Amino acid sequence: MKDKAVDLVWFDGQYLKWEEAKVPIFVHALHYGTAVFEGIRAYSSDDNLYIFRLKDHMQRLHKSANVYSFTTKFSVDELCNATVELIRKNAIRESCYIRPLTFVGLHGIDLNVTKNSPTHTTIIIFPFAKYFSGDGISVCISSWRRIDDDSMPPMAKASGNYLNSVLATQECRRNGYDESILLDRSGCVSEASGENLFLVRDGKLHTPQLSDSILDGITRNTAIIIAKELGYEVIERPISRTELYLAEEIFLTGTAAEIIAITRIDGNVVGDGKEGMLTKSIRENYERVVVGKSEKFMGWLTPAW
């Protein structure tokens with residue numbers, strides 16, 4: 001999406017026309033990446049539009065800002081209510097993507113950002129369907145290493161962190177792959193450029209642990225809960241690169257990507273080259289949950305209408 005998508009955006013408590021939501025070119029975030037954000041999905045169902053884990057996302061937005069010691073001036077509840085109202089004001093009933101963003105404003109050119117630095121928060125919504133096309137993707141191991149907690153906190157969903165992901169994505173696309181997988185400083189599997197990773201070995205589900213420089217993904221957490229509900233054992237641990245080549249199945253999880261199988265890695269076929277049974281079962285259950293077809297997980301959904 002490169003052009004105007006909807007009529008209105010939410011900006012610091014006001015509903016503004018898309019073209020009127022402007023910021024000065026001297027905002028600190030533009031120069032230094034001092035911003036945090038979320039990606040949230042809303043799914044169209046037979047009777048409503050359901051926002052998936054809205055409160056969890058807004059809570060993480062606050063936590064990410066706290067890591068960098070700046071302030072999201074609006075409470076979690078205020079942001080949740082603003083999101084629902086923004087959907088209604090734009091009369092959106094189709095599946096869409098929601099982007100809340102908190103950024104440092106006219107702070108000056110120094111780097112001493114504090115709780116007193118001026119910040120702004122906006123919410124943008126636009127129609128959105130599939131991020132990856134098809135039932136499986138090809139990936140490569142990136143030559144770029146994932147940012148490390150000793151240098152930049154990977155558990156904060158900060159805008160500047162994603163320059164690391166930009167480099168990895170550029171590399172994989174130049175080489176004809178759909179996505180990249182980054183290793184951490186010690187050479188263990190971390191995550192893809194914008195998704196968490198899971199693999200299957202001997203019928204068990206394995207995923208990198210939080211100390212492996214990963215984002216504590218909300219879709220990752222959802223997949224773990226669904227997998228356990230289905231009776232699968234889930235193990236969070238360091239994963240070596242070689243294990244990716246030995247895996248029976250591999251899949252990624254993320255708000256934009258949802259749950260997508262990896263069918264080739266570095267040119268090697270994963271399993272039988274198709275989405276595996278365990279991946280399929282988790283994906284299908286996830287797809288039922290987000291549209292309100294699982295009574296047990298209705299608490300994760302916020303109806304927009």
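Start by selecting Cys80 in this predicted model. Cys80 counts as buried, because its relative accessibility is 10%, below the 20% cut-off. Now show its sulfur and look for a partner. Which cysteine sulfur is closest to that of Cys80? The one in Cys96, but at 14 Å it's too far for a bond, since a disulfide needs the two sulfur atoms within 2.5 Å.

Hop over to Cys96 next. Cys96 is in no disulfide either, and with a relative accessible area of 0% it's buried. You can stop hunting for bridges there: a search of the whole structure turns up zero disulfides.

Next, select residues 54-67, which make up helix α2, and pick out Ser64 within that helix. Is Ser64 buried or exposed? Buried, because its relative accessibility is just 1%. To see what packs around it, skip the neighbours within four places in sequence and display Val36, Ala156 and Lys157, which are in contact with Ser64.

Keep α2 on screen and turn on a pocket surface. The second largest pocket holds about 260 Å³ of space. To find its centre, select Asp56, Arg60, Lys63, Asp216 and Ile218, the closest to it of the 13 lining residues. Which element gives the largest share of the lining? That's α2, with six residues. Add α5, residues 218-229, to the selection too: α2 and α5 each supply at least two lining residues.

Last stop: colour the lining of this pocket by class. You'll get five charged, four polar and four nonpolar residues.

Technical notes: Residues are numbered from 1 along each chain as its sequence is written. This is a predicted model: local features need pLDDT of at least 70, side-chain atom pairs count only at pLDDT 80 or more; totals for chains, interfaces and linings use all residues. Side-chain values use heavy atoms; hydrogens and water are left out. Helices (H or I, at least four residues) and strands (E, at least two) are DSSP runs, numbered from the N terminus. Buried means under 20% relative accessible area, exposed over 50%, partly exposed in between (1.4 Å probe, protein chains only). Contact means heavy atoms within 4.5 Å. On a 1 Å grid over the protein atoms alone, a cavity is a set of points where a 1.4 Å probe fits but cannot get out, and a pocket is an open set with protein on both sides within 12 Å along at least five of seven lines; lining residues have an atom within 4 Å of a point. Grid points are joined across faces, edges and corners, and a volume is the space filled by probe spheres set on the points. Ala, Val, Leu, Ile, Met, Phe, Trp, Tyr, Cys and Pro count as nonpolar, Asp, Glu, Lys and Arg as charged, and the others, Gly among them, as polar.
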